[in-house]
Amino acid sequence: MSSGFDYDVAIVGAGPAGIGTAVAIDHLEVDSIVLERDCIGASFRQWPAEMRLLTPSFPANAFGARDLNAITPDTSPAFALDREHPTGDQYAAYLEAVSEFHDLPVRTGVDVESVSPGPATDADGSGFALETADGTITSDYVVWAAGQFQYPSDGSIPASSHAVHISSVDRVVSSRGRNGRRDSGLVVILSDRSQ
Ligand SMILES: Cc1cc2nc3c(=O)[nH]c(=O)nc-3n(C[C@H](O)[C@H](O)[C@H](O)COP(=O)(O)OP(=O)(O)OC[C@H]3O[C@@H](n4cnc5c(N)ncnc54)[C@H](O)[C@@H]3O)c2cc1C
């Protein structure tokens, strides 16, 4: 496609949005790259072990609909993983499998620290420069698919100091006090971000 840039399209983030976008443009004649600071499906890898996807998959298929958790029209995490409500690790494995199948150009361990418009390499000032610890990467287009999970707005609501964001919880264990009642000392915010 265009010249003067390292890539036509730079996708930041290898979650469902980033991997899904990379598959969608895979058949186009564009030179693309997926830049991921951690690993494919990193947000899901951080889920507490007990957590499951709530979105159902199988029931909708009875009506010919797609798996609601699928990122491509021809895959189904429910069928691939043989379960309707996968854990975070299982869903991340599905994302890895899709990436592997399409041989997507994913670079992990690359944190995009900033994005600025118009690198000097391009005469008309279009395009973007992405600053990373590995150096500057230029591209004609940028798809920001970095999600919200890893950017909680802690402290943005009154009394939020009494709650923790789900991204900082490793395990969800049910505990009971001596009187048999559940302890109620912890509020967990089960959201992409606390607003
Ligand atoms: C507790 C919980 C339960 C959920 N349950 C469901 C459910 O049942 N069904 C459902 O459909 N959805 C569910 N969701 C929502 C779902 O997880 C999100 O909608 C989904 O992860 C968003 O995908 P994404 O690709 O936009 O972002 P993410 O999955 O967060 O991916 C973003 C990626 O970008 C990377 N990244 C971030 N910043 C940078 C950077 N600067 N440079 C490089 N890489 C970067 C991250 O490491 C990450 O891998 C749930 C979310 C939570 C928190």
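In strand β2, S32 is the bridge partner of V9. This pairing belongs to a predicted model of a protein chain with five helices and eight strands. Of the 195 residues of the protein chain, 28% count as buried. A ligand is present, and 28 residues surround it.

**Overall architecture**

- Read from the N terminus, the elements of the protein chain follow the order β-α-β-α-α-α-α-β-β-β-β-β-β.
- Among contacts in the protein chain with a separation of 6 or more, 60% join residues that are 24 or more positions apart.
- Six strands form an open sheet with mixed pairing, in the order β3-β2-β1-β6-β5-β4.
- The edges of this sheet are held by β3 and β4 (112–117), and because each has a single partner strand, one side of each is left without a neighbour in the sheet.
- From one strand to the next, the twist averages 40 degrees.

**Strands β1 and β2**

- Strand β1 comprises residues 7–12 and is mostly covered, with five of its six residues buried.
- β1 pairs with β2 in the parallel sense over four bridges.
- Two positions illustrate this pairing: V9 has S32 as its bridge partner in β2, and A10 stands opposite I33 in β2.
- β1 is also joined to strand β6 (residues 135–144) by five bridges, and these two strands run parallel.
- V9 takes part here as well, standing opposite Y141 in β6.
- Strand β2 is mostly covered, since five of its five residues are buried.
- S32, V34 and E36 point one way from β2, whereas I33 and L35 point the other way; all are buried.

**Helix α1**

- P16, G18, I19 and A22 are the buried residues of α1.
- The cover over these buried residues of α1 includes β1, β2 and α5.
- α1 also gives the most to the shell around the ligand, with three residues.

**The ligand shell**

- The closest of the residues surrounding the ligand are G13, G15, A17, S43 and G147.
- At least two residues of the shell come from each of α1 (16–24), β2 (32–36) and α2 (42–45).
- By character, the shell residues divide into 15 nonpolar, eight polar and five charged.
- Domain 1 (7–144) and domain 2 (151–195) each contribute at least three residues to the shell around the ligand.

**Strands β4 and β5, and residue T132**

- β4 pairs with strand β5 (residues 128–132) in the antiparallel sense, over five bridges.
- Within this pair, P117 stands opposite F128 in β5.
- T132 lies in strand β5 and counts as partly exposed because it has 17 C-beta neighbours inside 10 Å, where 20 or more would make a residue buried and 12 or fewer exposed.
- Leaving aside neighbours within four places in sequence, T132 is in contact with L35, V110, D111, V112, E113 and I137.
- One of these contacts, D111, is 21 residues from T132 in sequence, while the two C-alpha atoms are 5.7 Å apart in space.
- Another, L35, is one of the buried residues of β2.

**Positive phi angles in loops**

- D82 has a positive phi, near 60 degrees, and is a residue other than glycine.
- D82 is found in the loop between α4 (77–81) and α5 (88–101).
- With 9 C-beta neighbours inside 10 Å, D82 falls within the limit of 12 or fewer and therefore counts as exposed.
- D103 likewise is not a glycine and has a positive phi, of about 50 degrees.
- The loop that holds D103 runs between α5 and β3 (106–108).
- D103 is exposed because its surroundings within 10 Å hold 8 other C-beta atoms, against a limit of 12 or fewer for an exposed residue.

Key
Residues are numbered from 1 along each chain as its sequence is written. This is a predicted model: local features need pLDDT of at least 70, side-chain atom pairs count only at pLDDT 80 or more; totals for chains, interfaces and linings use all residues. A residue is near a molecule or strand if its C-beta atom, placed from the backbone, lies within 6 Å of it. Ala, Val, Leu, Ile, Met, Phe, Trp, Tyr, Cys and Pro count as nonpolar, Asp, Glu, Lys and Arg as charged, and the others, Gly among them, as polar. Domain bounds come from an automatic or database domain assignment. Two strands pair if DSSP finds at least two bridges between them. Axes are lines fitted to C-alpha atoms, for helices over the stretch in contact, and angles run from 0 to 180 degrees between N-to-C directions. Two residues are in contact if their C-beta atoms, placed from the backbone, lie within 7 Å.
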